[in-house]
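User: I would like a close look at one part of this model, the enclosed space inside it. Please take the surroundings into account as well.

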Amino acid sequence: MKWDVEEYSSLCLLCFLRCQCKLVFIAPQHLLNDEIYKLIPEEQALAEAEELKEKIDDWLTEYEYVLEDEDHTYITSHLHNNQDPFGYFYLLYKIHKLPSLENVELCPTRPVSSSCGSIDHPLGAWVNKELQPVAQAQPSFIKNSEALLKAIREVLCTPNSFIFSADATGMYTNIHTDVGLDIIPQYLRDHAAEYEYNAEALIAALEIVFRHNLFRFGDAYAKQKSGTAMGKRPAPPWATLFFAIHEDNFVPQFSEYLLFYKRYLDDIIGIWLAHPDPATNLAKWNEFKSTVGNFHGLEWTFTPLAR
């Protein structure tokens, strides 16, 4: 569906005016998903925030020798001067996934737990700084649309080339914390010399940041039990690296058919080289889609192959 600029601007305003009042009803629906979130009393939230502060303080003591002076000062200063330890929960409207201008009240939403200003935000910023070079070095990584266009223009397509894309369903919330903290640390230990980070300091910081997401919504307090919180500073490189570990296995497996393959977080774009036999090609295409989706519960929706 194509919209002009004026129509799209009107849609944004309409969604804002008609959906803001529904926010207080929609957000609790997300928070009541007890597989991902747990609502907790204020007293427990404050106690857990104090425990989190102690964990960060202990981490600073153990790994002070790893940190640059400005990083240590930033984390320490914020830790001891923080007035509000919690992140804040809100929703983003996914207007791009609205099929029409009718029933904008049904616009899909994305839950965000912003950590800005929270007690662990500076530690998350340090983790982000350490993880970004690793994530951006992955073969599938693409920085932005400009970089994608430049890369795809350099591809020499053949008559049997077909473009496709794929979108992960709720990637962040479906990266289970236990799984991520099992897979990613092993990768970080194996590649520490290559990227010159202190693996144990980084892994310990990951444990703190991703196991202790405490946040507020109005006068309600909650913590995230599983999944990656959109709004955490290191969430993008964490998600990038998590699936890149799977890509290291399946991209070489299908190299005969993948002329081009890139991913930006939860969006894949690729060029498929079709086998001359239609039955063989369909079988391989279905095998590829199945293999992509066979990774710790992440589900992907593929577009049809197109010229």
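How much space lies in the largest cavity?

Analyst: This is a predicted model, and about 50 Å³ of space lies in its largest cavity. The count of cavities of 30 Å³ or more comes to 2.

The lining of the largest cavity consists of Thr177, Val209, Phe210, Asn213, Gln224, Ser226, Gly227, Ala229 and Lys232. By class, these are 3 nonpolar, 5 polar and 1 charged residues.

Two helices can be followed outward from this lining. Helix H9 covers residues 199-211, and its buried residues include Val209 and Phe210, both of which line the largest cavity. The other buried residues of H9 are Ala199, Ala201, Leu202, Ile203, Ala205, Leu206 and Ile208. An α-helix has 3.6 residues a turn, so residues three or four places apart point the same way. The cover over the buried residues of H9 includes helix H3 (42-62), H5, helix H7 (177-190), helix H8 (192-195) and H10. As for its length, H9 has 13 residues and should span 18 Å at 1.5 Å a residue; the distance between its end C-alpha atoms is 18 Å, so the two agree.

Helix H7 (177-190) is part of that cover, and Thr177 belongs to the lining of the largest cavity. Thr177 is buried, as are Gly180, Leu181, Ile183, Ile184, Pro185, Tyr187 and Leu188 in H7. Among the elements that cover the buried residues of H7 are H5, H8, H9 and H10. H7 has 14 residues, and from first C-alpha to last it reaches 20 Å, close to the 20 Å expected at 1.5 Å a residue.

The second largest cavity has a volume of about 30 Å³. Its lining is made up of Tyr37, Phe89, Pro111, Val112, Ser113, Thr173, Gln224, Thr228, Ala229 and Met230. Gln224 and Ala229 appear in this lining and also in that of the largest cavity. Strand S3 (109-114) gives the most to the lining of the second largest cavity, with 3 residues. By class, that lining divides into 6 nonpolar, 4 polar and no charged residues.

The open space of the model can be set beside these cavities. The largest pocket holds about 700 Å³ of space. Its lining has 32 residues, and the closest to its centre are Arg110, Met171, Tyr172, Met230 and Asp266. Met230 is also part of the lining of the second largest cavity. The pocket lining divides into 13 nonpolar, 11 polar and 8 charged residues. At least two lining residues of the largest pocket come from each of strand S3 (109-114), helix H5 (121-136), strand S4 (161-168), helix H10 (235-253) and strand S7 (258-264). H5 and H10 are also among the elements that cover the buried residues of H9 and of H7.

One further residue is Phe86, in the loop between helix H4 (69-81) and strand S2 (87-93). Phe86 counts as buried because its relative accessibility is 4%. Its contacts, apart from neighbours within four places in sequence, are with Ala45, Leu46, Ala49, Ser118, Leu214, Phe215, Arg216 and Tyr221. From Phe86 to Ser114 the C-alpha to C-alpha distance is 9.0 Å, with their positions 28 residues apart in sequence.

Conventions:
Residues are numbered from 1 along each chain as its sequence is written. This is a predicted model: local features need pLDDT of at least 70, side-chain atom pairs count only at pLDDT 80 or more; totals for chains, interfaces and linings use all residues. Side-chain values use heavy atoms; hydrogens and water are left out. On a 1 Å grid over the protein atoms alone, a cavity is a set of points where a 1.4 Å probe fits but cannot get out, and a pocket is an open set with protein on both sides within 12 Å along at least five of seven lines; lining residues have an atom within 4 Å of a point. Grid points are joined across faces, edges and corners, and a volume is the space filled by probe spheres set on the points. Helices (H or I, at least four residues) and strands (E, at least two) are DSSP runs, numbered from the N terminus. Ala, Val, Leu, Ile, Met, Phe, Trp, Tyr, Cys and Pro count as nonpolar, Asp, Glu, Lys and Arg as charged, and the others, Gly among them, as polar. The expected span of a helix is 1.5 Å times one less than its number of residues. Buried means under 20% relative accessible area, exposed over 50%, partly exposed in between (1.4 Å probe, protein chains only). Contact means heavy atoms within 4.5 Å.
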